[in-house]
Amino acid sequence: MIVSHNDSAEPIGWECSACGDAGRISGWEGSPYDLGRPRPKSTRPVNFIRVSDEVSTALRDIALLDSDCECAVFSAYVQGDDIILPVSDDELDELIGTVAADANRERNRRRRRRLDAAFAVLNQAAGNPRRQRSSSMAPDGSVARDESSPRPPSAATGVPELDVARVQRWCGARVPEHARHQVRLECEVARRQLTIVERRVPWRDDLGPEWTSLPIARLRYTETAKKWSLYWRDSNLRFHAYDRLPRSQHIENLLAEIDRDPTGIFWG
C-alpha cells in the first residue's frame with residue numbers, strides 16, 4: 001500500500017502497489033480515527049518503554065483498544081535498534097489489561113504467543129520502579145530520568161471486587177432465565193477494566209459449537225481517583241470515551257446509563 005499525505009488540510013491519497021487500485025480519504029480530521037489529533041496534556045509522567053518490533057506489531061493488531069491507548073500505541077517511534085512506546089501510567093495499566101483479555105480469547109497459537117510476549121514486556125515495565133520516565137514526550141530520544149522518587153509497584157493489581165460483583169449481577173439480571181440458553185450477558189475482568197460482552201449461540205450449524213461474542217461497553221477504573229469511566233464501542237470494535245456522563249466513584253451510575261442508553265449507542 002502506497003500512501004501520500006503532504007499537508008494536514010489535504011486528503012490522504014492511497015494506491016495499492018499490487019493491483020493499482022487507488023483513492024483519496026477525506027473528512028477524517030477530528031474523528032475518533034484521527035490519531036494525530038492533540039492528546040490531552042497530563043501532569044503525570046510518561047513512561048518510555050523499549051519494545052521489540054514484534055511486540056509493537058502485536059499491540060497495533062489489537063482490535064479492542066480504546067482511543068487513548070490507540071493513540072499511544074501508534075505514537076511509538078524508532079530509536080536506534082529499539083522502538084520506544086510512550087505511555088502514561090493509566091495507559092500502561094489499560095494496555096496490560098487489554099493485552100491479557102485479548103490473549104485469553106485468541107485461538108491462533110502464534111498470535112497468542114505474541115500477545116503473551118507483549119504482556120510480559122508491559123507487565124515488567126509496570127513493576128520496574130526504575131523504568132525511564134519523563135514529564136513530557138521526547139520524540140528525538142532524549143529522556144529525563146526521575147530516579148529520586150521512583151514509584152513502587154502497586155499492590156492493587158485489579159478492580160474492586162465488590163464492583164465486579166455488581167456488574168456480574170447486573171449482567172445476569174439483563175437476560176431472563178428462559179432465554180439464557182440462547183443469549184447471555186457476561187463481564188470480562190481485566191487489570192483495570194471490565195468489558196460487558198453479549199454472547200449468542202451459533203446461528204448456523206457450520207459455525208461450530210462456540211458462542212459468538214460482541215462487546216457492548218467497557219468500564220475503566222482509575223485507581224488514583226477511585227473512579228470509573230464509561231466507554232462505548234463503534235462498528236469497527238474500537239472503544240471511545242462516553243462524553244455524556246462524567247467519571248464516577250459509583251459504578252451503578254455507569255450501569256444505569258447503559259441501561260437507559262439515551263442515544264442508542266450501546267444497544268442500537
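These legends accompany close-up views of one predicted chain.

The model is predicted, so local features need pLDDT of at least 70 and side-chain atom pairs count only at pLDDT 80 or more, while totals for chains, interfaces and linings use all residues. Residues are numbered from 1 along each chain as its sequence is written, and side-chain values use heavy atoms, with hydrogens and water left out.

**View 1. The whole chain holds six helices and 12 strands.** Helices (H or I, at least four residues) and strands (E, at least two) are DSSP runs, numbered from the N terminus. The chain has 268 residues, and 40% of them are buried. Buried means under 20% relative accessible area, exposed over 50%, and partly exposed in between (1.4 Å probe, protein chains only). About 15300 Å² of the chain is exposed. Carbon and sulfur atoms supply 49% of that area. These areas come from the Shrake-Rupley method with a 1.4 Å probe; for residues, only the protein chains shown count as cover.

**View 2. Confidence varies along the chain.** The predictor's confidence in each residue is its pLDDT, from 0 to 100. The chain averages 77, and 76% of the residues score at least 70. Among the elements, helix α6 (residues 251-260) has the highest mean, 95. Strand β7 (residues 133-134) has the lowest, 42. Over residues 129-157, pLDDT stays under 50. The model has 50 contacts beyond four places in sequence for this stretch. A contact means heavy atoms within 4.5 Å. Residues 37-43 also stay under 50, with 10 such contacts.

**View 3. Helix α4 spans residues 109-126.** Its 18 residues reach 25 Å from first C-alpha to last. That is close to the 26 Å expected at 1.5 Å a residue (1.5 Å times one less than the number of residues). At the start of α4, a side-chain oxygen of Asn108 comes to within 3.0 Å of the backbone nitrogen of Arg110.

**View 4. Helix α4 has a buried side and a face turned away from it.** Arg111, Leu115, Ala118, Leu122, Ala125 and Ala126 are buried. They lie on the same side of α4 because they cover an arc of only 100 degrees around the axis. The arc is taken from the directions from the helix axis to the C-beta atoms. Their cover includes β4 (46-51), α1 (53-60), β6 (82-88) and α3 (89-105). The face turned away carries exposed Arg109, Arg110, Arg113 and Gln124.

**View 5. Helix α2 (residues 67-74) is mostly covered.** Six of its eight residues are buried: Ser67, Cys69, Glu70, Cys71, Ala72 and Val73. They pack against α1, β6, α3, β10 (212-222) and β12 (239-241).

Conventions:
A polar contact is a pair of N or O atoms within 3.5 Å; within protein, one must be able to donate a hydrogen and the other to accept it, and residues adjacent in sequence count only if both atoms are side-chain atoms.
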